[in-house]
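The following paragraphs lead the reader through one protein model, from its interior to the packing of its helices and then to a few individual residues. Please keep the sequence and the structure in view while reading.

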Amino acid sequence: MILPILAVVGGLIVLVISSDRFVDGAAATARFFGMPSLLIGMVIVGFGTSSPEIVVSTLSALQGSPGIAIGNAYGSNIANIALILGLTALLNPVQVSSKILRKELPILTFVTLLSVALLLDLELSLFDAALLLLLLALLMVWTFFNGLKKEPDALADDIERAVPKPISLRRAILYLVFGLLFLILSSRLLVWGAVEIAQIFGVSDLIIGLTIVAVGTSLPELASSILAAKKGEHDIAIGNVIGSNLFNTTAVVGVAGAIKPFTVDSLVLSRDMVVMTILTISLFIIGYGFRKNRQGRVNRFEGAGLLIMYAIYTTVLIFTA
């Protein structure tokens, strides 16, 4: 019992540190080669913070633990909005000024609804996985197209201030390579420990994926969003959540399904995906900005509401287990 717990705790610690180094190295390398700040924000920072989720879910699928793979993806989406954005907004209200992020919010809502439709038959098939990966490819093309535009955007300004000051290319590549290496190793350790704990307590690997693994792999987004909000870089704070959820729903689930198609527990559809959809639609409504000034805002009251929703959801999970 002690060894699996140590594996999960140690794996999570190394996972967070290596993920942070991986993103820093990728961002610094991209800047060295002249990548625009907006593109760095949309691709490197937005999607890069989801690197723990995709590594953990890929390894879980390869090792025959689909519950952890899909629980990690959807559980992270729920944690990103309800826990991370909720806590961030409670500490410091988040203003959505970026035009790009306002465009991504309806896209995220559509992707979420599509993922629900694909799993109505309680099976993640090769066709479903291929469709999600195709959607990811289209999303990346759209991201690069918008990221290369010269139009001013609040997210680009935040990224310009947030990306680490220029470091040597050698150090950036070392961060990138060793960050990825330890990301993979710590993910293997985390998945092993999580599976062992699930077997010891007799709970499904889905519950472990939705709780311990999901929250653990979302820690990079938590740290990044809170730090960004404190610095007044609000668009990075919410951009982390939007980018991560888009990547989780398309890439993480798509890759896991492509490796090994699997059936999905009916509770995923009736419980987890319902919560994820409600949270996503809520984020769209409060974050898009239907007011005259065309800016969205997640205030402290809304942040507290998101945290309460997460507490209720977690309680339901405990009683379900």
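A nonpolar core is a set of buried Ala, Val, Leu, Ile, Met, Phe, Trp, Tyr and Cys residues joined through side-chain atoms within 4.5 Å. The model discussed here is predicted, and its largest core of this kind holds 91 residues. Within that core, the members that touch the most others are Ile44, Tyr74, Leu119, Ile238, Ile242, Met273 and Leu283. Helix α4, which spans residues 66-91, supplies the largest share of the core, namely twelve residues. As general background, nonpolar side chains in soluble globular proteins tend to be buried together.

Ile238 illustrates how such a residue is surrounded. Once residues up to four places away in sequence are set aside, Ile238 touches Leu85, Val94, Val96, Leu101, Leu283 and Val298. One of these partners, Leu283, is itself listed among the core members that touch the most others.

The packing of the helices can be considered next. Two packed helices are described by the angle between their axes and the distance between the axes. Helix α4 is a convenient starting point, with helix α3 (residues 51-62) as its partner. The axes of α3 and α4 come within 7 Å and cross at roughly 160°. Angles over 145 degrees count as roughly antiparallel, and α3 is therefore roughly antiparallel to α4. The crossing of the two helices is left-handed. On the α3 side, the residues that meet α4 are Glu53, Val56, Ser57, Ser60 and Ala61, and their counterparts in α4 are Pro66, Ile68, Ala69, Asn72, Ala73 and Ser76. Classified by type, this contact comprises six nonpolar, four polar and one charged residues.

Ala69 shows the α3 contact at the level of one residue. Ala69 belongs to helix α4. Is Ala69 buried or exposed? Its relative accessible area is 2%, and because buried means under 20%, Ala69 counts as buried. Apart from neighbours within four places in sequence, Ala69 is in contact with Ser57, Ser60 and Ala61, and also with Val252 and Ala256. Ser57, Ser60 and Ala61 also appear among the α3 residues that meet α4. Between Ala69 and Leu15, by comparison, the C-alpha to C-alpha distance is 16 Å, with 54 residues separating them in sequence.

Helix α4 also packs with helix α13, which covers residues 300-320. Here the angle is about 140° and the axes are 7 Å apart. This crossing, too, is left-handed. From α4, the contact draws on Ile78, Ala79, Ile81, Ala82, Leu83, Gly86, Leu87, Ala89, Leu90 and Leu91; from α13, it draws on Arg300, Gly303, Ala304, Leu306, Leu307, Tyr310 and Tyr313. These residues divide into 14 nonpolar, two polar and one charged.

Tyr313, a residue of helix α13, merits separate attention. Its relative accessibility is 4%, so Tyr313 counts as buried. Which residues does Tyr313 touch, not counting those up to four places away in sequence? They are Ile78, Leu210, Arg271, Asp272 and Val275. Ile78 is one of the α4 residues in the contact with α13. Ala129, in contrast, is 27 Å from Tyr313, C-alpha to C-alpha, and 184 residues away in sequence.

Three of the partners of Tyr313, namely Leu210, Arg271 and Asp272, lead to a further helix pair. Helix α9 (residues 205-217) and helix α12 (residues 266-288) have axes that come within 12 Å and cross at roughly 15°. This angle makes α9 roughly parallel to α12, and their crossing is right-handed. Leu206, Ile207 and Leu210 of α9 make the contact with Val268, Arg271 and Asp272 of α12. By class, four of the contact residues are nonpolar, none is polar and two are charged.

Two partly exposed residues complete the account. Phe182 is placed in helix α8, residues 169-201. With a relative accessibility of 42%, Phe182 counts as partly exposed. Leaving aside neighbours within four places in sequence, Phe182 is in contact with Val14 and Ser18. Phe182 and Ser18 are 164 residues apart in sequence, yet their C-alpha atoms are 5.8 Å apart in space.

Leu122 is found in the loop between α5 (99-118) and β2 (123-124). Its relative accessibility of 28% means that Leu122 also counts as partly exposed. The phi angle of Leu122 is near 60°, a positive value in a residue other than glycine.

Methods:
Residues are numbered from 1 along each chain as its sequence is written. This is a predicted model: local features need pLDDT of at least 70, side-chain atom pairs count only at pLDDT 80 or more; totals for chains, interfaces and linings use all residues. Side-chain values use heavy atoms; hydrogens and water are left out. Helices (H or I, at least four residues) and strands (E, at least two) are DSSP runs, numbered from the N terminus. Buried means under 20% relative accessible area, exposed over 50%, partly exposed in between (1.4 Å probe, protein chains only). Contact means heavy atoms within 4.5 Å. Axes are lines fitted to C-alpha atoms, for helices over the stretch in contact, and angles run from 0 to 180 degrees between N-to-C directions. Angles under 35 degrees count as roughly parallel, over 145 as roughly antiparallel, 65 to 115 as roughly perpendicular and the rest as oblique. A crossing is left-handed if the near helix is turned anticlockwise from the far one by less than a right angle, and right-handed if clockwise. Ala, Val, Leu, Ile, Met, Phe, Trp, Tyr, Cys and Pro count as nonpolar, Asp, Glu, Lys and Arg as charged, and the others, Gly among them, as polar.
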